[in-house]
Each structure stands twice: as C-alpha cells, then as structure tokens.
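I opened the notebook to log what I looked up in this structure. The entries are short and follow the order in which I checked things.

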Number of protein chains: 2
Amino acid sequence: MKRDSRLSSVLHALLHMAEQDGPVTSDTLAECLGTNPVVVRRTMGYLREAGIVASDRGHAGGWRISADLADVTLRQLHEALGEPAMFAIGNRNENPACLVEQVVNAALEDTFAEAEALLLERFSDITLADLAADFARRHAAARRRRKH
Amino acid sequence: MKRDSRLSSVLHALLHMAEQDGPVTSDTLAECLGTNPVVVRRTMGYLREAGIVASDRGHAGGWRISADLADVTLRQLHEALGEPAMFAIGNRNENPACLVEQVVNAALEDTFAEAEALLLERFSDITLADLAADFARRHAAARRRRKH
DNA sequence: TTCAAATGCAACATCGTAAGTTACATGAAA
DNA sequence: TTTCATGTAACTTACGATGTTGCATTTGAA
C-alpha cells in the first residue's frame, strides 16, 4: 500500500516555519522534506485555501503561518487536505446486492467508523503549539546531552 | 488510495462457503465476488496456510472451511493475510535525522497505534459465526418482507 | 486408460493515485 | 528591468493490489 504522507509533510513544514522568523520559500521547505518545490506548493496550497498559511510572491517571498499555533489542530489540517481516506483496508464493493456481502460490509464499516472517530478525536486534541512545545523540549534535551 | 479489499473478499467467500454443504470451487466463488478464479485461489491460499480452509483438487474439488466458525476471528483472518497495513496515511520518512520530523512522526505514530489497537481488539471480538448469525437474521427478515 | 474438472503457480498486464518533474506564466522587490 | 518567488497545467514515475493467460498437476468418473 502506498501511503498518503501529506499530513506528515505539512506538519514537518509548518514546524520548520514556526521556528523561522520570516517567510520560508518552497525551495527551502523542499530541501527539508527531501522533495520537490512544486510538490510543496501543491500541498501547501490546500492549507492556504483553509487560511492556515499565506504565501508571498517575489523577492523575500515564501510561506508564512497565518494562524495562531494553538488554534490549528491536526484535524483541521486533515480537513484542509481534503479528508483523505484514513484506511488502507476497505470493502470490495460499496453497494452490493448480495446479502452476504452486506453483512460483511456492515461489520467492517462499523469497526472502521469507530476507529476513524477515535482518530479524529485525537487529531482534534493535538495542536501545532503542542508539537512545537514537544520539539522545544527535545531540542533542549539534545543540547544538554551534547554538553556532557 | 487503492484499498486492500482482501479481508472483505475472504469474509464474503467464507460466508458463502458456510452456507454450502460441499466444497465450493474457485469459479463459483469468483462469480460471487465478481472477480477472477485465480485471484480467489491466490487469496484463499493465505487462509489455507493458516489452516482456516482446505482445498481439494480434481473432480468434486474446491474449497472447504476446515475450522469451527466460532473459532475464526477477523483478527486471525487479518493475520493470515499477512497483516497488511491498516492505514492509508503515514509518515513521509520512517527514520528521519531531523528532530522536527521525529516529533511529527512520534505524534502520528502514537495516534495511529492507538487506533490500530482498537481495530485489532474489535477484530478479535468478531467471529465467522457472528457474521453467519447476522446473515441468517437478515435473511429471515428479508423472507418475511417478501411474504407481505 | 482416458478425459474432464479442479487446484497450483509462475509470469505478465492493468489500474489508480500520490508523488515527482518540466515548462512557462505571473507578480513583487531591488 | 532583472531577479526571485509563487501559480499552475501537463506529463511522467513508482508501486502494489488486482486481473489475466498459460500450463502443470491431481483427482474422480466414464
């Protein structure tokens, strides 16, 4: 299964942007992420539509976070990306005439719906500020280790 | 995302087999599932390795369930299929040097691990016998409706 | 014995989609 | 007016489940 890593990508990008003073260019972000600037623009474009980031063209342009870090949850980011499918496992046929298959679908759908609800709930609880704080903690710890 | 529907497929096949007296051929199952007999053999082969079904060659051959319906859980089937990835969303890079990305990965991994644990727990609770009973219930209800 | 019906399996083709790439237009600051 | 940046369309690539073809093998019945 090929996984959608856009949520991971935008989180990585946003935290780097949060560490930076001015705007960050697509080229810089692409280097951080190990990808192509066009891919960065394409993916960050979804966040711009959702009002989470802004982009400036021309000299000294690039990407900025246009929201409060404490207000942006993983769930919002997931929604901004178009709520891609969470699961790599699914029903063979979504609207079967076969009664047997309906039973199978119902059982799987119920189970996956419960798991998706849990995921969305956790996503709602995690903000960019939480992750930035986690980073700051680890960063300080790493610096202490280097001193010894 | 292209989803893995093998779990759905084998459940559908197993319930049809449970309704049947003798062995069921790959051709018959393929028709039920709307697919190709070779795909059926390939997928059911995993269940044979796990001891859940058996296959007979030659005349009057086909597939049989070789376990008690009440003993086979969705979790066992998932394991028999090689425990395919549950999620269509994942980290961009599994072993990043970047501390920022490590923080992102950890947050996502924790969340998805919790959801996966929930899924596996639910899968452990559902047996083929449960689904067969559910089918029998719906089947009877549908027959009653037709009488009116 | 022979034939037909079934699985076993290897090799290859198809398909869908995120990701990657190329090319060029557009806008903003020096 | 030149340079640096994004915006975007069009195309290619990568990948794995799924689909397909072909043939060997086994089994029961005529």
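By what turn and what shift along the axis can chain B be laid on chain A? I found a turn of 180° and a shift of 0.0 Å, with an RMSD of 0.0 Å. That is the relation of a two-fold axis. The same surface serves both copies, as 100% of the contact residues of chain B recur in chain A. The superposition is by least squares on the C-alpha atoms of residues with pLDDT of at least 70 in both copies.

Ground rules, before I go on. This is a predicted model, in which local features need pLDDT of at least 70 and side-chain atom pairs count only at pLDDT 80 or more, while totals for chains, interfaces and linings use all residues. Residues are numbered from 1 along each chain as its sequence is written, chains are lettered from A and ligands numbered from 1 in the order in which they are written, and side-chain values use heavy atoms, with hydrogens and water left out.

**Entry: chain B against chain A**

I looked up the contacts, meaning heavy atoms within 4.5 Å. On chain B, 52 residues touch 52 residues of chain A. Next I took the buried area, which is the accessible area (1.4 Å probe) that two parts lose on being put together, summed over both. The two chains bury about 4,900 Å² between them, and 69% of that is on carbon and sulfur atoms. Arg3(B), Ile89(B) and Arg92(B) lose the most area on the chain B side, together 14% of what that side buries.

Then I turned to polar pairs. A polar contact is a pair of N or O atoms within 3.5 Å; within protein, one must be able to donate a hydrogen and the other to accept it, and residues adjacent in sequence count only if both atoms are side-chain atoms. I noted 19 residue pairs in polar contact between chain B and chain A, both residues at pLDDT 80 or more.

Which elements of chain B give two or more residues to the side that touches chain A? They are helix 1 (6–19), helix 4 (74–80), helix 5 (99–125) and helix 6 (128–147). Helix 5 of chain B supplies the largest share, 18 residues. Helices (H or I, at least four residues) and strands (E, at least two) are DSSP runs, numbered from the N terminus.

By class, I logged 28 nonpolar, 14 polar and 10 charged residues on this side of chain B. Here Ala, Val, Leu, Ile, Met, Phe, Trp, Tyr, Cys and Pro count as nonpolar, Asp, Glu, Lys and Arg as charged, and the others, Gly among them, as polar.

**Entry: salt bridges**

My rule is a side-chain nitrogen of Lys or Arg within 4 Å of a carboxyl oxygen of Asp or Glu. Over all chains, the structure holds 14 salt bridges. Two are found across the interface of chain B and chain A. I also noted the bridge between Arg122(A) and Glu114(B), at 2.7 Å from N to O. Within chain A, Asp134(A) pairs with Arg137(A), their closest N and O atoms being 3.7 Å apart. Both lie in helix 6 of chain A, three residues apart, about one turn of the helix.

**Entry: DNA strand C**

I counted a residue as near if one of its heavy atoms lies within 4 Å of the strand. Strand C is surrounded by 28 residues, the closest being Ser5(A), Thr35(A), Ser26(B), Arg41(B) and Arg48(B). Sugar and phosphate make up 60% of the atoms of DNA strand C within 4 Å of the protein. The side chain of Arg41(B) puts an N or O atom 3.1 Å from a phosphate oxygen of strand C. The side chain of Arg57(A) has an N or O atom 2.8 Å from a sugar or linking oxygen of strand C. Helix 3 of chain B gives the most to this surface, four residues. The class count near strand C is five nonpolar, 11 polar and 12 charged residues.

**Entry: DNA strand D**

Which of the 28 residues around DNA strand D come nearest? I read off Ser26(A), Arg41(A), Arg48(A), Arg6(B) and Thr35(B). A polar side-chain atom of Ser5(B) lies 2.8 Å from a phosphate oxygen of strand D. A backbone N or O atom of Gly58(A) is 3.3 Å from a sugar or linking oxygen of strand D. Helix 3 of chain A gives the most to the surface near strand D, four residues.
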